[in-house]
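Welcome to this guided tour. Please open your viewer, and let us go from one selection to the next together.

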Amino acid sequence: MTRDDIKRMAREANLWMTSDERIAAVERFAALVAAAEREACAKVCEADSLSWGQKYALWGKKYAAAIRARGEA
């Protein structure tokens with residue numbers, strides 16, 4: 001997500017973006033929300049794949065790791 005994406009979404013949510021400090025706070029908030037969503041998705045991959053059997057559990061872990069890695073880029 002780019003800074004322009006975050007600013008656009010903040011405007012859509014009617015947040016006032018009047019200063020660099022305010023923009024920085026919204027960017028930090030967006031990063032926290034994105035990290036929480038990535039972790040929730042990764043956990044779903046891990047949990048669901050366990051119900052498919054041991055063979056597929058490895059795929060669930062692989063997908064979960066890929067989702068978590070998106071936050072490291």
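In which helix is the place of Arg68? Select Arg68 and look: it sits in helix α3. Keep in mind as you explore that this is a predicted model.

**Stop 1: Arg68 and its surroundings**

Stay with Arg68 for a moment. Is Arg68 buried, partly exposed or exposed? Its relative accessibility is 28%, so Arg68 counts as partly exposed, since that class lies between the 20% limit for buried and the 50% limit for exposed. Now display the residues that Arg68 touches, leaving out those up to four places away in sequence: you should find Arg38, Glu39, Ala42, Lys43 and Glu46. For a distance to try in the viewer, pick the C-alpha atoms of Arg68 and Leu50, which are 18 residues apart along the chain and separated by 18 Å.

**Stop 2: along helix α3**

Next, select residues 54-69, which form helix α3. This helix has 16 residues, and from its first C-alpha to its last it reaches 23 Å, close to the 22 Å expected at 1.5 Å a residue. Colour Ala57, Gly60, Ala64 and Ile67, the buried residues of α3. Why do these buried residues line one face of the helix? Turn the model until you look down the axis of α3: the buried residues fall within an arc of 80°, so they line one face. Then give another colour to Lys55, Leu58 and Lys62, exposed residues carried by the face turned away from the buried side. If you wonder what lies over the buried residues of α3, the cover includes α2.

**Stop 3: Ile67**

Click on Ile67, another residue found in helix α3. Which residues does Ile67 contact, leaving aside its neighbours within four places in sequence? Show Arg38, Cys41, Ala42 and Cys45 to see them. You can also check the C-alpha distance from Ile67 to Glu37: the two are 30 residues apart in sequence and 9.8 Å apart in space.

**Stop 4: helix α2 beside α3**

Now select α2, residues 20-50. Helix α2 has 31 residues and reaches 46 Å from its first C-alpha to its last, close to the 45 Å expected at 1.5 Å a residue. Its buried residues are Ile23, Val26, Ala30, Ala42 and Ser49, and what covers them includes α1 and α3.

Show α2 and α3 together. Their axes come within 7 Å and cross at roughly 175°, which makes α2 roughly antiparallel to α3. The contact includes Arg38, Cys41 and Ser49 of α2, and Tyr56, Lys61 and Tyr63 of α3. Sorted by class, the contact has nine nonpolar, two polar and six charged residues.

**Stop 5: where α1 meets α2**

Move on to helix α1, residues 3-12. How do the axes of α1 and α2 cross? They come within 10 Å and cross at roughly 100°; the two helices are therefore roughly perpendicular to each other. To see the meeting place, select Arg3, Ile6, Lys7 and Ala10 in α1 together with Ile23, Val26, Glu27 and Ala30 in α2. These contact residues divide into five nonpolar, no polar and three charged.

**Stop 6: the loop at Asn14**

For the last selection, choose Asn14, which lies in the loop between α1 and α2. Asn14 has a positive phi of about 60°, although it is not a glycine. Is Asn14 buried or exposed? With a relative accessible area of 65%, Asn14 is exposed. As a final distance, go from Asn14 to Ser49: they are 35 residues apart in sequence and 39 Å apart in space, C-alpha to C-alpha.

Methods. Residues numbered from 1 in each chain as written. Predicted model: local features only at pLDDT ≥ 70, side-chain atom pairs only at ≥ 80, totals over all residues. Heavy atoms only, no water. Axes fitted to C-alpha atoms, helices over the stretch in contact; angles between N-to-C directions. Helix = DSSP H or I, 4+ residues; strand = E, 2+ residues; numbered from the N terminus. Parallel < 35°, antiparallel > 145°, perpendicular 65-115°, else oblique. Contact = heavy atoms within 4.5 Å. Nonpolar A, V, L, I, M, F, W, Y, C, P; charged D, E, K, R; others polar. Expected span 1.5 Å × (residues − 1). Buried < 20%, exposed > 50% of the residue type's maximum accessible area, 1.4 Å probe, protein only. Arc of directions from axis to C-beta.
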